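Hi everyone, thanks for making time this morning. I'd like to walk you through one chain, so let me put it up on the screen.

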Amino acid sequence: MKSLDELLDDLADYVGISESSCVSLPPDAYLSKELAALEVATIFERSWLCVGREEYAPRPGDYYTIDVMGEPVVIVRGMDGVLRALNTACRHRAMPVVTGKGHASRFVCPYHSWTYGTDGRLIGAPHMEGSTVFDRAACRLPEYRLESWRGFLFVNLDDDADPLEVTMAPMGRATANYRIEDQTEVFHYETTWDGNWKLSAENSMEYYHHIGLHAGTVGVQMPAKGTYFPEEPAVDHTFTHERCRIGEEFLGASDHPLNPRGDLGSLTREEKETGYLVYVFPAFTMAMRAGSNNWLSFRPDGPDRTRVLGGYLVWKDLVSSDPETMRARAELIEKVNAEDALATTELARTMKSRKAPRGPLSPFEKTLAQFYAYLGRTLAGA
Ligand code: FES
Ligand SMILES: [Fe+2]
């Protein structure tokens with residue numbers, strides 16, 4: 001196993017490297033506990049991580065819990081209508097005051113019945129009158145940074161982080177015409193894959209694998225050979241992207257469920273005729289077409305497991321006007337995601353081989369070179 005210093009040297013080499021002479025990461029980068037710990041401390045505990053969608057908690061009192069890098073978090077829409085991310089540990093002796101998901105006007109701790117409002121305020125604590133150190137106002141469930149981008153919810157564990165907009169603005173300009181804010185989820189995806197998060201990340205930023213892994217599904221509509229790289233906007237430290245031309249027979253009105261539907265008026269010709277992958281560092285990705293969006297968010301759980309959250313979005317009006325097609329799409333996307341899971345779990349096994357490769361990247365995988373450069377800048381400080 002390479003040492004952390006050796007791996008950081010390797011990562012630093014990607015910064016400024018020509019994309020056409022790029023090879024994949026050293027296999028140990030997907031296995032090293034030391035590198036995984038550094039990624040958590042340097043990247044995941046300081047970056048905006050997508051934790052779901054506003055529509056998971058539409059009404060005051062709706063909530064769902066989620067583990068964010070070991071932090072027990074409840075995302076709750078307060079009775080005041082405000083969405084918050086609260087730490088679930090009771091301020092008495094740390095029992096989680098809420099688990100799972102549901103609807104509540106208050107959270108009652110199952111241990112000694114301390115009771116909290118949906119804004120985190122302590123509103124009841126039985127038999128505490130004689131305590132000289134009990135301060136009701138101080139016993140509030142602590143809040144994490146939570147911000148929203150076009151319906152997506154992001155949490156940042158770093159209280160001093162820049163606003164989410166700094167991360168999302170360049171990609172947001174590039175995707176403005178897609179009307180992501182008008183989309184709703186028709187298929188939800190929440191699971192854990194065996195394998196390093198970077199394997200999942202790499203798989204979700206290139207169309208090259210449409211030639212193999214998705215040959216029987218989305219590779220039919222968007223063959224890998226249609227891959228190209230938009231010149232605008234130039235990729236920067238926040239994201240990378242690529243496009244893939246959709247086969248002509250899948251553009252017009254036909255019965256295929258993936259063919260574009262709905263009001264396409266906001267889109268340019270290029271946006272109508274291509275798939276568009278955007279990958280926002282560190283771990284948020286959207287595979288878009290006119291009117292649809294297959295999104296995923298990754299969080300590492302140690303070096304060899306990846307928590308996966310995602311869904312398939314379509315314009316809201318299509319859900320009511322064309323429910324059959326939307327169901328067929330959701331089914332197809334479920335298959336595609338099962339195929340993609342293999343790109344993490346199968347690779348996770350072979351990376352352990354003493355003869356695991358560092359292979360040359362295709363020009364269709366420039367996005368990976370840019371991801372590696374991002375890792376080099378952030379982890380190796382290069
Ligand atoms: S731990 Fe919650 S009331 Fe005691
Ligand atoms: Fe894929």
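So, the centres of domain 1 and domain 2, taken over C-alpha atoms, are separated by 33 Å. Do keep in mind that this is a predicted model. Where do the two domains run along the chain? The assignment gives domain 1 as 4-48 + 176-379, and domain 2 as 50-149.

Now, how many residues does each domain bring to the contact? Domain 1 supplies nine residues, and domain 2 supplies five. If you'd like to find the domain 1 side on your screens, look for α2 (33-44), β11 (183-194) and β16 (292-300): those are the elements giving two or more residues to the side that touches domain 2. As for the chemistry on that side of domain 1, four residues are nonpolar, two are polar and three are charged.

Let's step back to the whole chain. The secondary structure comes to nine helices and 17 strands. Along the principal axes, the C-alpha trace spans about 75 × 55 × 35 Å.

Why does the chain's radius of gyration fit a compact globule? A compact globule of 382 residues would have a radius of gyration near 21 Å, and this chain has 22 Å, so the two agree.

Two last points on the packing. Buried residues account for 41% of the 382 in the chain. And if we take contacts between residues at least 6 apart in sequence, 66% of them join residues at least 24 apart.

That's my tour, and I'm happy to go back to any of the views. Thanks, all!

Definitions and conventions
Residues are numbered from 1 along each chain as its sequence is written. Chains are lettered from A and ligands numbered from 1 in the order in which they are written. This is a predicted model: local features need pLDDT of at least 70, side-chain atom pairs count only at pLDDT 80 or more; totals for chains, interfaces and linings use all residues. Helices (H or I, at least four residues) and strands (E, at least two) are DSSP runs, numbered from the N terminus. The radius of gyration is taken over C-alpha atoms; the globule rule is 2.2 Å times the number of residues to the power 0.38. A residue is buried if 20 or more other C-beta atoms lie within 10 Å of its own, exposed if 12 or fewer, and partly exposed in between; C-beta atoms are placed from the backbone. Two residues are in contact if their C-beta atoms, placed from the backbone, lie within 7 Å. Domain bounds come from an automatic or database domain assignment. Ala, Val, Leu, Ile, Met, Phe, Trp, Tyr, Cys and Pro count as nonpolar, Asp, Glu, Lys and Arg as charged, and the others, Gly among them, as polar.
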